[in-house]
Amino acid sequence: MAMGQHRKILQIVGYQNSGKTTLMEQLITQATTEGFRVGSIKHHGHGGIPMIESSKDSVRHEKAGASVTAVEGEGTLRMSIHQSNWQLADILAIYETFNMDIIFIEGYKNEHYPKVVLLRQAEDESLLQKVTNIVCVLYWPTYPLNKPLDYPAFSIQEKAQYIEFLTSFIRSLPSLK
């Protein structure tokens, strides 16, 4: 895919320790197995500049098969590129120069790309009102699923089902410029 060509984007959002990085690994592995060239972007949402040792999630993405990985926080993009701050659009513009078929984004709750939302506890449900373009919800046994959700929902323990659902969704995603 040359500069200016299209790629697919899927976001993974949830609060800390909800399983975002593990899901990213699963999706990256599945996509690379199917022959996609994958990039990953992680938002370092815990404050501060992401240090080399805090980029362990990017290393996990790389080990899962991502060709290009990055972590961003407080204006530092851990590709050793510095400027006053980074917007997701700026990072995606850099990624456009690489030959990516799909980019998985971990975090950036306020962006408007298709999203998988992870819910670990009852308080996490507020995310469903805060984010847009929800594709599906993955919930933990600690999340009280007392009523049906407005989105396809899978237990975090139903890996085969949600991976199949998301793989189909990724294949059907329109490529974005």
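**Close-up 1. Strand 1 pairs with strand 6 in this predicted model.** The two strands run parallel, and five bridges join them. Strand 6 covers residues 102-106. Within this pairing, Q11 stands opposite I105 of strand 6.

**Close-up 2. Strand 1 also pairs with strand 7.** Strand 7 spans residues 115-119. Four bridges link it to strand 1, again in the parallel sense. Here K115 of strand 7 is the bridge partner of Q11. Q11 thus appears in both views: it faces I105 in strand 6 and K115 in strand 7.

**Close-up 3. Strand 1 is largely enclosed by the rest of the structure.** The strand comprises residues 8-14. Seven of its seven residues are buried, so the surrounding structure largely encloses it. K8, L10, I12 and G14 point one way from the strand. I9, Q11 and V13 point the other way. Residues on both sides are buried.

**Close-up 4. Helix 1 packs with helix 2.** Helix 1 holds residues 20-33 and helix 2 residues 56-64. Their axes lie 8 Å apart, at an angle of about 25°. The two helices are therefore roughly parallel to each other. Helix 1 passes helix 2 in a right-handed crossing.

**Close-up 5. Residues of the contact between helix 1 and helix 2.** Helix 1 contributes T21, T22, M24, E25, I28, T29 and T32. Helix 2 contributes D57, R60, H61 and A64. By class, the contact residues divide into three nonpolar, five polar and three charged.

How values were computed
Residues are numbered from 1 along each chain as its sequence is written. This is a predicted model: local features need pLDDT of at least 70, side-chain atom pairs count only at pLDDT 80 or more; totals for chains, interfaces and linings use all residues. Side-chain values use heavy atoms; hydrogens and water are left out. Axes are lines fitted to C-alpha atoms, for helices over the stretch in contact, and angles run from 0 to 180 degrees between N-to-C directions. Angles under 35 degrees count as roughly parallel, over 145 as roughly antiparallel, 65 to 115 as roughly perpendicular and the rest as oblique. A crossing is left-handed if the near helix is turned anticlockwise from the far one by less than a right angle, and right-handed if clockwise. Contact means heavy atoms within 4.5 Å. Ala, Val, Leu, Ile, Met, Phe, Trp, Tyr, Cys and Pro count as nonpolar, Asp, Glu, Lys and Arg as charged, and the others, Gly among them, as polar. Buried means under 20% relative accessible area, exposed over 50%, partly exposed in between (1.4 Å probe, protein chains only). Two strands pair if DSSP finds at least two bridges between them.
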